[in-house]
Amino acid sequence: MVQRFWEALMRELGQDSEFHIETGTYIEVVSETLARFPDGWEARAKRICIGETVVHQNRVPAVAYFPEIHDLAVAKLAVHREKDVEFVTDLVMLGAVERETLIERFTRVPRTDQAIIANGLNDIEKAFARR
């Protein structure tokens with residue numbers, strides 16, 4: 001049931017949905033185990049109940065987490081896809097993130113290879129050098 005809820009949510013609000021086309025904004029559903037947020041991210045995130053779903057025949061709230069912007073940037077760099085690096089670079093260019101905060105949090109990302117950490121730190125420096 002939970003899987004069907006998230007699939008329906010992505011159809012309605014995800015990339016290439018009517019909502020995305022109309023607003024230019026979309027959501028991405030990411031599991032806790034896939035995302036690589038820095039330590040302490042949950043305390044900084046905003047939580048919003050977006051409905052209910054059924055788990056093992058019990059109705060439970062469906063809660064969306066909205067990570068603080070530095071935590072989101074760090075998670076994007078940990079994945080290290082080109083579009084994620086561009087996203088973080090855009091945040092830097094807009095003045096939405098601080099260099100020291102990104103570096104401090106990026107060095108505390110769990111389950112991330114040291115080569116990716118080094119690449120991410122390099123990407124942070126490049127982005128701020130362009131600013």
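The buried residues of helix α4 (69-79) are His70, Asp71, Ala73, Val74, Ala75, Lys76, Leu77 and Ala78. That makes α4 a mostly covered helix, with eight of its eleven residues buried. The model is a predicted one. In this model, the buried residues of α4 pack against four helices: α3, α5, α6 and α7.

Just after α4 comes histidine 80, with a positive phi of about 60°. Histidine 80 is not a glycine, yet its phi is positive. Histidine 80 sits in the loop between α4 and α5. Is this residue buried or exposed? Histidine 80 falls in between: its relative accessible area is 28%, so it counts as partly exposed.

Past that loop runs helix α5, residues 82-94. Aspartate 84 is part of α5. Its relative accessibility is 1%, so aspartate 84 counts as buried. The cut-off for buried is under 20%. Which residues does aspartate 84 touch, once neighbours within four places in sequence are left aside? They are Lys76 and Val79. Lys76 is itself one of the buried residues of α4.

Now move to α6, residues 99-106. Its buried residues are Thr101, Leu102, Arg105 and Phe106. They lie on the same side of α6, because they cover an arc of only 120° around the axis. An α-helix has 3.6 residues a turn, so residues three or four places apart point the same way. What covers the buried residues of α6? The cover includes α3 (41-44), α4, α5 and α7 (114-130).

Several of these helices meet again in the largest nonpolar core, which holds 16 residues. Leu77, Val92, Val97, Leu102, Phe106, Ile124 and Phe128 touch the most other members. Helices α4, α5, α6 and α7 each give two or more residues to this core. Apart from it lies another core, of five residues. Ala35, Phe37, Ala45 and Ala75 are among them.

Take isoleucine 124 as a guide to the larger packing. Leaving aside neighbours within four places in sequence, isoleucine 124 is in contact with Leu77, Arg99, Leu102, Ile103 and Phe106. Leu77 is a buried residue of α4, while Leu102 and Phe106 are buried residues of α6.

Next comes α3, the helix that holds arginine 44. Its relative accessibility is 28%, so arginine 44 counts as partly exposed. Beyond its neighbours within four places in sequence, arginine 44 is in contact with Pro38, Asp39, Glu68, Asp71 and Arg105. Of these contacts, Asp71 is among the buried residues of α4, and Arg105 is among those of α6. How far apart are the C-alpha atoms of arginine 44 and proline 61? They are separated by 20 Å, and the two residues are 17 residues apart along the chain.

Strand β1, residues 46-55, contains isoleucine 48. Isoleucine 48 has a relative accessible area of 43%, so it is partly exposed. Isoleucine 48 and valine 63 are 15 residues apart in sequence, and their C-alpha atoms are 5.6 Å apart in space. Valine 63 is also one of the contacts of isoleucine 48, along with Ala62, Ala64 and Phe66, when neighbours within four places in sequence are left aside.

Back near the start of the numbering, look at aspartate 16. Aspartate 16 is in the loop between α1 and α2 (18-23). Its phi is near 70°, a positive value in a residue other than glycine. Aspartate 16 has 62% relative accessibility, so it counts as exposed.

One more feature remains: the open space in the model. Rolling a probe the size of a water molecule over the atoms shows where empty space is left. The largest pocket has a volume of about 1300 Å³. It is lined by 34 residues, and the closest to its centre are Glu28, Val29, Val30, Tyr65 and Pro67. Which elements supply at least two residues each of the lining? They are α1 (2-13), α3, β2 (58-66), α4 and α5. Helix α1 gives the most, with six residues. By type, the lining divides into 22 nonpolar, four polar and eight charged residues.

Note on methods
Residues are numbered from 1 along each chain as its sequence is written. This is a predicted model: local features need pLDDT of at least 70, side-chain atom pairs count only at pLDDT 80 or more; totals for chains, interfaces and linings use all residues. Side-chain values use heavy atoms; hydrogens and water are left out. Buried means under 20% relative accessible area, exposed over 50%, partly exposed in between (1.4 Å probe, protein chains only). Contact means heavy atoms within 4.5 Å. The arc is that of the directions from the helix axis to the C-beta atoms. On a 1 Å grid over the protein atoms alone, a cavity is a set of points where a 1.4 Å probe fits but cannot get out, and a pocket is an open set with protein on both sides within 12 Å along at least five of seven lines; lining residues have an atom within 4 Å of a point. Grid points are joined across faces, edges and corners, and a volume is the space filled by probe spheres set on the points. Ala, Val, Leu, Ile, Met, Phe, Trp, Tyr, Cys and Pro count as nonpolar, Asp, Glu, Lys and Arg as charged, and the others, Gly among them, as polar. A nonpolar core is a set of buried Ala, Val, Leu, Ile, Met, Phe, Trp, Tyr and Cys residues joined through side-chain atoms within 4.5 Å.
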